[in-house]
Amino acid sequence: MFDNLKSKANYRWYVLATVSVGTFMSTLDSSIVNVALPTISGSLHSQLSTLQWVVTSYLLTISSLLPVFGRTADLLGRKKIYSLGFLIFTLGSILCGLATNIWFLVGTRVLQAIGASMLMANSAAIITATFPAEERGKALGLTGTVVALGSLTGPALGGLLIGFLNWRAIFYINLPIGIIGFLAARWILPVDEIRKGQESFDFTGALAFTAGMVCLLLGINNGESWGWSSFPILISLLLGVALLMLFIRTERNVKHPMIDLSMFRNRPFLIGNLAGWLSFVAMFANNMLLPFYLQHILDYTPTQVGLLMTVFPITMAIIAPLSGHTSDKFGPIALTTSGLVLTSLGLLYYSMLSASAHFYQVIPGAFLMGLGAGMFQSPNNSSVMSSVPKPKLGIAGGINSLVRNLGMVSGIALSVSLFEAWGGVTNPKPGQTAAFMSAYHGVMLLAMGIALVGAVISLNRKSYAKAENKAS
């Protein structure tokens, strides 16, 4: 049955649907725990500085391994790595749901992230290799919708599951999705060319990159709580920078590098990744703090928070395919730049909300950010992935996903560090509400500035039409 499916004219859409399952599941768990953090805090008796690791350990692991699995898939086959990712992710999800203490939960989130990195590193590459250039923007636009439904439905779905069941349900829901996704990947995805033996794997570069990213992000995420001048933070940051410098030197000299640094000389690739990173920094600066504002300041239940936070993904899900299709005809510049401007307006709106805002008053901020993200993500992804040749699609997809996750990690670390430095308290007592709001507003204004910087950078991308032909 599935062999006949591969001969059909619309086979590429079945591939897209299969890849979308993995994209949805892996990105969902980047953010689904955010709304559960206050509940997990009470259940496992943890503070924000420790709870942060439930989110950041997942993103840090993915960020460290994405280029590794992107390169591995280019050599061993994307279907094989993608399918294995489903199994590892599903096992990690089950163990997360069984956690009885915070550090067991953090450890099983790392296992989850290993599987997620296998999925994320290959989704865009599989789609780009399957679809012709004239449909690539539309296909990646639909993927952008799935990313929205995953990354930003996470808090909404999490709130509903916690309200009707408990926080463990946010992990158990991955079990049926993972099984379906694995079977679909094995039966539907095309068997790609295996290049093992033709090129070597850059073990030195992979080790230096992974260790460097772990050290650097470890220092960034704990700088505020441990003290920026403390010995562990200084050593972590210095070692991270040194290892990443070793990685760059290795990549310049090795015959078959893990990351071909020459790709960054390609203007659409460089500008697209830089603008994409800034967009996720801005979005996740708010995504980390918003659930605490809604629950502890406005006193909404997790279910109400979940319903409120569906505005963002629903808006983005509607806009992303339209912007992807439009970018196929007119290019990405106007759409990506306008999208980041709208994101900045959404953050500005959040910075003006009061401690007594009504339910309906929160909605416009989420709508503006969903509209902006929908306009930006699909054309930007199409611009990035269309700028590289097919043999490098795996690593390009890995870098594209890496940038997204680095943006999430950076946004979370930045928001938590500045929020605490500016006197914010995540579970404020009645006399601390003003301090919470002042710190929250400050973080939102800074995130707005970051989105505007991204808009200026995005406006300067050029040569999109020329770059598109390289991947055709």
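**Figure 1. In the largest nonpolar core, a set of 125 residues, those that touch the most other members are Leu105, Tyr293, Leu294, Tyr350 and Tyr440.** H13 brings the largest share of this core, with 16 residues. A second, separate core has five residues, among them Ile319, Leu342, Leu371 and Met375. Here a nonpolar core is a set of buried Ala, Val, Leu, Ile, Met, Phe, Trp, Tyr and Cys residues joined through side-chain atoms within 4.5 Å; buried means under 20% relative accessible area, exposed over 50%, and partly exposed in between (1.4 Å probe, protein chains only). Please keep in mind that this is a predicted model, in which local features need pLDDT of at least 70 and side-chain atom pairs count only at pLDDT 80 or more, while totals for chains, interfaces and linings use all residues. Residues are numbered from 1 along each chain as its sequence is written, and side-chain values use heavy atoms, with hydrogens and water left out.

**Figure 2. The protein as a whole has 20 helices and zero strands.** Helices (H or I, at least four residues) and strands (E, at least two) are DSSP runs, numbered from the N terminus. Of the 472 residues, 61% count as buried. Among contacts with a separation of 6 or more, 85% join residues 24 or more positions apart, a contact being heavy atoms within 4.5 Å.

**Figure 3. The largest pocket, with a volume of about 530 Å³, is a good place to start a tour of the empty spaces.** Its lining counts 20 residues, and Phe209, Phe264, Leu402, Val403 and Leu406 lie nearest the centre. Two or more lining residues come from each of helix H11 (203-226), helix H12 (231-253), helix H13 (267-297) and helix H18 (393-421). By type, the lining of the largest pocket splits into 18 nonpolar residues, two polar and no charged. On a 1 Å grid over the protein atoms alone, a cavity is a set of points where a 1.4 Å probe fits but cannot get out, and a pocket is an open set with protein on both sides within 12 Å along at least five of seven lines; lining residues have an atom within 4 Å of a point. Points are joined across faces, edges and corners, and a volume is the space filled by probe spheres set on them. Ala, Val, Leu, Ile, Met, Phe, Trp, Tyr, Cys and Pro count as nonpolar, Asp, Glu, Lys and Arg as charged, and the others, Gly among them, as polar.

**Figure 4. The largest cavity encloses about 150 Å³ of space.** Its 13 lining residues include Asn287, Leu290, Met309, Phe312 and Tyr350, the closest to its centre. H13 and helix H17 (359-385) are the elements that give two or more residues to this lining, and H13 gives the most, with five. Eleven of the lining residues are nonpolar, two are polar and none is charged. In total, the structure holds four cavities of 30 Å³ or more.

**Figure 5. About 120 Å³ of space lies in the second largest cavity.** This cavity is lined by 15 residues, of which Ser123, Ala124, Thr143, Val147 and Arg404 are the closest to its centre. Helix H2 (11-31), helix H6 (102-130), helix H7 (133-151) and H18 each supply at least two of the lining residues. The lining of the second largest cavity has five nonpolar residues, nine polar and one charged.

**Figure 6. Helices H16 and H17 both match their expected spans.** The expected span of a helix is 1.5 Å times one less than its number of residues. For the 18 residues of H16 (residues 333-350) that gives 26 Å, and the end C-alpha atoms are 26 Å apart. The buried residues of H16, including Leu335, Leu340, Leu347 and Tyr350, pack against H13, H15, H17 and helix H19 (433-459). H17, with 27 residues, reaches 39 Å from first C-alpha to last, close to the 39 Å expected. H17 is also mostly covered, with 20 of its 27 residues buried.

**Figure 7. Which residues does Thr315 of helix H15 (residues 311-330) touch?** Leaving out residues up to four places away in sequence, its partners are Phe367, Gly370 and Leu371. Thr315 has a relative accessible area of 9%, so it counts as buried.

**Figure 8. Asp299 sits in the loop between H13 and helix H14 (302-308).** Is Asp299 buried or exposed? Asp299 counts as exposed because its relative accessibility is 63%. Beyond residues up to four places away in sequence, Asp299 touches Leu294 and Gln304. Leu294 in turn touches Asp299, Tyr300, Val305, Leu308, Met309 and Val362, with the same sequence neighbours left out. Ala355 is 56 residues from Asp299 along the chain, and their C-alpha atoms are separated by 10.0 Å.
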